[in-house]
Amino acid sequence: MSDIVNRQVLLVEKPAGKLGPEHFKMSEAPMPEPKDGEALLRVRYISLDAANRAWMHGATYRAAVETNTVMAGGGIAEVVSSKAPGLVPGDIVFGDTGWQEYAVVPAKHLSKMPKLEPMTHLLSVYGIAGLTAYFGLLDIGKPKAGETVVVSAAAGSVGSIVGQIAKIKGCRVVGIAGGKDKCDWLTSELGFDAAVDYKDGAVFKALRAAAPKGIDVYFDNVGGDILEACLAQMTNRGRIACCGAISQYDGVPSAHGPRGVPGLIVVKRLVMQGFIVMDYMDQRDQALKDLQSWVAAGSLKVQEDIIDGLENTPQALIGLLAGENRGKRMIKV
């Protein structure tokens with residue numbers, strides 16, 4: 001096994017502006033060996049998320065990614081060998097494997113996953129994307145039947161699931177996405193009641209038309225100007241689940257934050273809360289039970305964007321940040 005080469009993608013420079021392929025390089029390293037309490041993993045699928053870009057800026061809910069190290073990222077992997085109790089060869093796990101073919105990870109940082117097909121669902125609807133949508137919407141947004149739910153980055157991995165769960169809960173759902181094709185997809189395929197194309201430049205006016213009674217729940221994936229447009233149209237005692245801030249991750253962020261903070265929050269008595277999905281892992285079993293039942297019933301459609309080849313990971317992340325994907329984007333290693 002020691003003769004096997006481990007291909008890796010390294011972050012060689014932290015971008016000052018837009019992320020580009022020049023910030024990464026392919027590398028090779030010897031096969032790693034697990035120590036006590038660790039497992040050697042063969043990475044099967046790598047999750048691509050906007051948060052990958054945020055980690056390059058500095059420490060967040062995890063340590064910053066440093067230059068000349070393997071680019072960080074979650075992945076679904078198969079246990080090759082184990083020196084940890086509870087893990088045996090053939091087990092399927094999720095963990096921070098990084099962008100590489102093989103990884104050694106402490107067992108305490110791995111989540112054992114069920115063996116199901118397609119395995120890719122463990123990264124999308126039954127993975128971080130689906131759980132983020134589930135807990136952010138239901139625990140923080142607390143949608144009630146008949147209310148209006150708006151979600152930004154609605155064609156992405158989290159947003160597309162948020163909107164469908166809101167429909168399952170009997171809400172009117174408005175998605176904000178980039179481009180006519182994505183907006184049409186949301187309404188024709190995923191059942192959204194309306195979609196707003198932020199690339200048209202008239203988000204506030206379009207939102208007013210799509211949600212004439214105001215916004216009861218806003219699931220925010222982008223921050224910035226779109227958050228500002230939604231804040232002004234929230235109903236009294238509306239709820240805002242702050243999941244991400246894609247508008248601030250890549251390139252130069254807006255010169256000003258969203259206006260109306262804290263004024264509108266006070267006047268409208270809004271609840272605005274950020275969250276990290278890892279805080280909810282003790283409730284994962286119930287979430288997975290619900291998600292699986294909705295998928296089986298056909299009320300929750302799964303959209304996956306799978307790209308082959310570890311060498312394509314940098315360009316795939318760059319494309320995700322530019323809004324190329326529909327649903328969950330991942331790399332088949």
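In this predicted model, Phe219 touches a broad set of residues that are distant in sequence, leaving aside those up to four places away. Its partners include Thr132, Ala133, Gly136 and Leu137, together with Val150, Val151 and Ser152. Val158, Val162, Ala241, Cys243 and Phe275 are also in contact with Phe219.

Phe219 belongs to the largest nonpolar core, which has 47 residues. Along with Ile76, Leu137, Ile165, Leu186 and Leu291, Phe219 is among the residues with the most contacts inside this core. At least two core residues come from each of strand 6 (92-96), helix 2 (128-141), strand 9 (148-152), helix 3, strand 10 (172-177), helix 4 (180-188), strand 12 (215-220) and helix 8 (284-297). Helix 2 contributes the most, with seven residues. Because domain 1 (5-123 + 303-332) and domain 2 (128-277) both supply residues, this core lies between them. In soluble globular proteins, nonpolar side chains tend to be buried together. Apart from this core lies another, of 25 residues, including Val9, Val43, Leu320 and Leu321.

The model also contains one cavity of 30 Å³ or more. The space in the largest cavity is about 70 Å³. Of its 13 lining residues, Ser157, Ser160, Ile161, Val302 and Gln303 are the closest to the centre. Helix 3 (residues 159-168) provides the largest share of the lining, three residues. By character, the lining of the largest cavity comprises five nonpolar, six polar and two charged residues. Domain 1 (5-123 + 303-332) and domain 2 (128-277) both contribute to this lining, and therefore the largest cavity lies between them.

Key. Residues are numbered from 1 along each chain as its sequence is written. This is a predicted model: local features need pLDDT of at least 70, side-chain atom pairs count only at pLDDT 80 or more; totals for chains, interfaces and linings use all residues. Side-chain values use heavy atoms; hydrogens and water are left out. On a 1 Å grid over the protein atoms alone, a cavity is a set of points where a 1.4 Å probe fits but cannot get out, and a pocket is an open set with protein on both sides within 12 Å along at least five of seven lines; lining residues have an atom within 4 Å of a point. Grid points are joined across faces, edges and corners, and a volume is the space filled by probe spheres set on the points. Helices (H or I, at least four residues) and strands (E, at least two) are DSSP runs, numbered from the N terminus. Ala, Val, Leu, Ile, Met, Phe, Trp, Tyr, Cys and Pro count as nonpolar, Asp, Glu, Lys and Arg as charged, and the others, Gly among them, as polar. Domain bounds come from an automatic or database domain assignment. A nonpolar core is a set of buried Ala, Val, Leu, Ile, Met, Phe, Trp, Tyr and Cys residues joined through side-chain atoms within 4.5 Å. Buried means under 20% relative accessible area, exposed over 50%, partly exposed in between (1.4 Å probe, protein chains only). Contact means heavy atoms within 4.5 Å.
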